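Reader: I am in my first year and would like a close look at a single part of this model. Please take the central part of your choice, go through it step by step, and explain each term when it comes up.

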Amino acid sequence: MSEATDVTEGERTAYAKDVLVDAKGVKVHFPIKRGVIFDKVIGHVYAVDGVDLQIRTGETYGLVGESGSGKSTLGRAILNLEPPTEGTVEFDGVDIASLSGETLRKKRQDIQMVFQDPMGSLDPRQSVESLLLEGMKAHGLAKDEAHASKRLRELLSAVGLPSAALKKYPHEFSGGQRQRIGIARALSVNPKLIVADEPVSALDVSVQAQVINLLEDLQEEFGLTYLVVAHDLAVVRHISDRIGVMYLGAIAEEAEADDLYAQPLHPYTRALMSAVPVPDPLVEDRRERIILTGDLPSPANPPKGCRFHTRCPWKQETKCDTERPVLRVPEIPGVGTGHRVACHWTEQIESGEIQPHEVKAQLVEQHGAGGDESLLGPASISEAL
Ligand SMILES: Nc1ncnc2c1ncn2[C@@H]1O[C@H](COP(=O)(O)OP(=O)(O)OP(=O)(O)O)[C@@H](O)[C@H]1O
Ligand code: SF4
Ligand SMILES: [Mg+2]
């Protein structure tokens with residue numbers, strides 16, 4: 001189905017009005033410097049390398065990908081904590097990079113972040129009361145004591161903590177409770193968007209489920225929009241309306257969560273999904289598994305053409321190692337306009353015209369810190385939920 005036939009002008013306008021975050025052609029390149037006296041730039045880490053992404057008001061967009069694929073950097077670029085090397089990020093129709101002073105401060109209030117490690121992001125010397133008041137004061141939301149005190153109690157109640165927590169310090173709480181404090185802190189300034197970077201990765205599975213349910217409840221109650229970054233396919237599936245799969249600084253595939261799981265189209269997503277256990281033992285025994293060989297190439301030296309060609313079981317002699325595929329809606333019956341794939345051969349792979357072949361492991365430079373942590377299978381969290 002082509003985009004032109006499926007989307008009317010009216011629908012496009014309605015969609016544009018709905019868009020809260022509009023990232024266009026975003027690149028974040030970190031310079032690699034060497035030198036004893038003078039810092040000389042000897043290359044770049046192409047952490048984010050050309051991402052178009054829209055997040056609609058009220059939705060949860062899940063970003064998934066291997067360690068080092070650029071998820072956190074993209075999240076930070078959306079918050080403008082990492083100014084893009086190229087491209088723009090509009091929030092509520094305004095390019096954040098163009099703002100300064102009071103207008104930037106006001107806009108920042110609308111976008112808050114929840115981190116993976118609440119212990120690392122909460123100052124251990126501050127009580128919960130002081131941690132929560134900090135942001136409220138900075139944004140003029142703690143006008144008088146009575147009002148502030150009422151608000152603090154409301155915030156704690158919203159995240160399921162007793163008001164006695166106010167006088168305590170971060171180390172007096174469990175990991176899950178600390179994450180609740182982190183969420184309350186983000187909520188304290190009435191944001192529109194919360195960027196949650198691996199919000200449950202550090203927690204036990206049963207606690208993960210509680211925190212995810214809490215995030216969902218709060219979204220409904222406060223009309224929040226979320227960008228959730230996660231390794232765990234089950235976490236993103238459960239929480240997301242739409243999912244973007246990142247590979248080496250770019251989005252390989254994007255779709256509604258259910259569509260992505262029902263019909264993964266990009267070879268990388270197919271490989272990820274093939275590692276997901278299926279509850280039915282008969283189906284589990286028979287289903288095909290795609291094992292990816294080789295490590296994620298270094299983002300300082302990404303492969304030419306399609307970034308995935310060094311590991312792709314469907315790689316072809318033409319195009320794959322010379323032309324970079326764009327993220328596009330494939331011409332496949334039944335695939336809607338919200339499903340986009342960055343692969344030259346999506347249609348032929350789906351029809352079976354192109355079959356997978358064995359991939360010879362290619363020597364690739366290892367990327368630095370972070371290692372080669374692979375994506376987690378999803379069995380755990382969905383069972384807990
Ligand atoms: N400030 C920085 N300076 C130089 N390189 C950086 C910087 N921040 C991130 N990188 C590099 O950019 C690449 C993408 O990193 P990023 O943290 O965005 O990945 P990620 O997908 O969030 O990984 P993880 O799942 O491990 O958190 C990595 O190779 C990382 O080493
Ligand atoms: S463009 Fe080629 S190498 Fe890239 S995912 Fe598609 S088939 Fe594989
Ligand atoms: Mg990260």
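Author: What follows is an account of one sheet, the core beside it and some neighbouring parts.

This is a predicted model, in which local features need pLDDT of at least 70 and side-chain atom pairs count only at pLDDT 80 or more, while totals for chains, interfaces and linings use all residues. Residues are numbered from 1 along each chain as its sequence is written, and chains are lettered from A and ligands numbered from 1 in the order in which they are written.

The protein has 15 helices and 11 strands. Helices (H or I, at least four residues) and strands (E, at least two) are DSSP runs, numbered from the N terminus. Of the 385 residues in the protein, 39% are buried. A residue is called buried if 20 or more other C-beta atoms lie within 10 Å of its own, exposed if 12 or fewer do, and partly exposed in between, with C-beta atoms placed from the backbone.

The sheet is open and has 7 strands, in the order E6-E7-E8-E3-E9-E10-E11, with mixed pairing. Strand E6 (111-114) and strand E11 (340-341) are its edges: each has a single partner strand, so one side of each lacks a neighbour in the sheet. Two strands count as paired if DSSP finds at least two bridges between them. In general, the strands of a sheet pair through backbone hydrogen bonds, either parallel or antiparallel.

At one edge, E6 runs parallel to strand E7 (residues 193-197), and 4 bridges join them. Met113 stands opposite Val195 in E7.

Further along the order comes strand E3 (residues 60-65), which has 6 of its 6 residues buried. Thr60, Gly62 and Val64 point one way from E3, whereas Tyr61, Leu63 and Gly65 point the other way. One partner of E3 is strand E8 (residues 225-230), paired in the parallel sense over 5 bridges; here Gly62 is opposite Val228. Strand E9 (residues 242-247) is also parallel to E3 and is joined to it by 5 bridges. In that pairing, Tyr61 faces Arg242.

Next comes the core. A nonpolar core is a set of buried Ala, Val, Leu, Ile, Met, Phe, Trp, Tyr and Cys residues joined through C-beta atoms within 7 Å. The largest one here holds 87 residues, and Leu227 and Ala252 touch the most other members. Strand E2 (residues 40-56) contributes the most to this core, with 7 residues. As a general tendency, nonpolar side chains in soluble globular proteins are buried together.

Leu227 links several of the parts already named. Not counting residues up to four places away in sequence, Leu227 touches Ile55, Tyr61, Leu63, Gly75, Ile78, Leu193 and Val195. Two residues are in contact if their C-beta atoms, placed from the backbone, lie within 7 Å. Across the protein, of the contacts between residues at least 6 apart in sequence, 67% join residues at least 24 apart.

Gly75 and Ile78, two of the residues that Leu227 touches, are among the buried residues of helix H3, together with Lys71, Ser72, Thr73, Leu74 and Ala77. Because 7 of its 8 residues are buried, H3 is largely enclosed by the rest of the structure. Just after H3, Asn80 has a positive phi of about 65°, although Asn80 is not a glycine. Asn80 belongs to the loop between helix H3 (71-78) and strand E4 (86-91). Asn80 is partly exposed, with 18 other C-beta atoms within 10 Å.

Asp92, in the loop between E4 and strand E5 (94-95), also has a positive phi, near 55°, without being a glycine. With 15 C-beta neighbours inside 10 Å, Asp92 is partly exposed.

Finally, consider the loop before the other edge strand. Glu323 lies in the loop between helix H13 (281-286) and E11. Glu323 is exposed, because 12 other C-beta atoms lie within 10 Å. Gly305 is 18 residues away along the chain from Glu323, yet their C-alpha atoms are separated by 4.2 Å. Neighbours within four places in sequence aside, Glu323 is in contact with Gly305 and His344.
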